[in-house]
Amino acid sequence: MIIDDEPEKIPVRQSQFRLNGTVVLSAIISGFITLSLLIFWFVRGYTISILKQEIVKFEKSITETGYDFSYENLNFNRFSPFNILTIKGLKIYSLDGKNYYEWHIPELKISSSLFSSQNLKLSFSPEQSFQKGLNIYHLSTPNLTTKLQFNDNGLKELNMTAKNFQITDVLSAEYFSVSVQKTDSEDGLKFNPFFESTI
């Protein structure tokens, strides 16, 4: 009779350990995705509220200078990762019939970064029109880029660049840029802060 003194080896269940690791990893990934979607949802909602406030401010400011604007359709999109606002048939025009100006933009799209409400990008239709009195001029802006930066007090900075900009029978520009920045006056002027622009 032979007696085996070696203890019986119990097999390790490696598959169960791998399964638990997979479950934990899946839970972490799912939590991260859910948190990202929630942040995206709240940031987009906040960005839309800022845009609505800025539209009201814009309307008030241009009305004070004798202008107004209209549009055919205005659509906010909270779910799109790209365009947060699309405006179709936008017209900015003067209220003075004797000295009439009009800028017509067939489509304007406004987008923002996924997790920030402070930076916006404006995309204009490549073909637009400008009217002075009864004369209508066609604008070609195939490479127009406009970026806006906001802070807690509203618009902080605007940067616009364009390449191959052309107004039919009037002018053409290979490149131009416009920069507008809010700054505080050092000598206590009446309008403080004010916007400083560079072309």
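What pattern does the protein chain follow when read along the sequence? The pattern is α-β-β-β-β-β-β-β-β-β-β-β, which amounts to 1 helix and 11 strands. The model is predicted. The points below go from the whole chain to pairs of strands and then to single residues.

**The chain as a whole**

- The protein chain has 199 residues, and 27% of them count as buried.
- About 14600 Å² of the protein chain is exposed, and carbon and sulfur atoms supply 57% of that area.
- Taking contacts between residues at least 6 apart in sequence, 40% join residues at least 24 apart.

**Strands β6, β7 and β9**

- Strand β6 covers residues 127–132 and strand β7 covers residues 135–140; the two pair in the antiparallel sense over 6 bridges.
- One of the residues in a bridge is Gln131, whose partner in β7 is Ile136.
- The hairpin of β6 and β7 has 2 residues between the strands, and Gly133 in this hairpin takes a positive phi near 65 degrees.
- Strand β7 also pairs with strand β9 (residues 154–167), in the antiparallel sense and over 2 bridges.
- Leu139 has Ile167 as its bridge partner in β9.

**Glu102, a buried charged residue**

- Glu102 has its place in strand β4, which spans residues 101–112.
- Is Glu102 buried or exposed? Glu102 is buried, yet it has no salt bridge.
- The nearest side chain of opposite charge belongs to Lys91, 4.3 Å away. A salt bridge needs a side-chain nitrogen of Lys or Arg within 4 Å of a carboxyl oxygen of Asp or Glu, so the 4.3 Å to Lys91 does not qualify.
- The side chain of Glu102 does make a polar contact, at 2.6 Å, with the side chain of Tyr100.
- Leaving aside residues up to four places away in sequence, Glu102 touches Lys91, Ile92, Tyr93, Ser129, Phe130 and Gln131. Gln131 is the residue whose bridge partner in β7 is Ile136.

**Gln149 in strand β8**

- Gln149 lies in strand β8, which runs over residues 143–151.
- Which residues does Gln149 touch, not counting residues up to four places away in sequence? They are Gln118, Asn119, Gly154, Leu155, Lys156 and Glu157.
- Gln149 has a relative accessible area of 28%. Partly exposed residues fall between 20% and 50%, so Gln149 counts as partly exposed.
- Gln149 and Lys121 are 28 residues apart along the chain, and their C-alpha atoms are separated by 8.9 Å.

**Positive phi outside glycine**

- Most residues other than glycine have a negative phi. The next two residues are listed for that reason.
- Asn164 has a phi near 55 degrees, a positive value in a residue other than glycine.
- Asn164 is found in strand β9, and with a relative accessible area of 48% it is partly exposed.
- Asp169, also a residue other than glycine, has a positive phi near 65 degrees.
- Where is the place of Asp169? Asp169 is in the loop between β9 and β10, where β10 covers residues 171–183.
- Asp169 reaches 82% relative accessibility. Exposed means over 50%, so Asp169 counts as exposed.

Note on methods: Residues numbered from 1 in each chain as written. Predicted model: local features only at pLDDT ≥ 70, side-chain atom pairs only at ≥ 80, totals over all residues. Heavy atoms only, no water. Helix = DSSP H or I, 4+ residues; strand = E, 2+ residues; numbered from the N terminus. Buried < 20%, exposed > 50% of the residue type's maximum accessible area, 1.4 Å probe, protein only. Contact = heavy atoms within 4.5 Å. Areas by Shrake-Rupley, 256 points an atom, 1.4 Å probe, with all protein chains shown as cover. Pairing = 2+ DSSP bridges. Lys, Arg positive; Asp, Glu negative; His and termini not counted. Polar contact = N/O pair within 3.5 Å; in protein donor to acceptor, adjacent residues only side chain to side chain.
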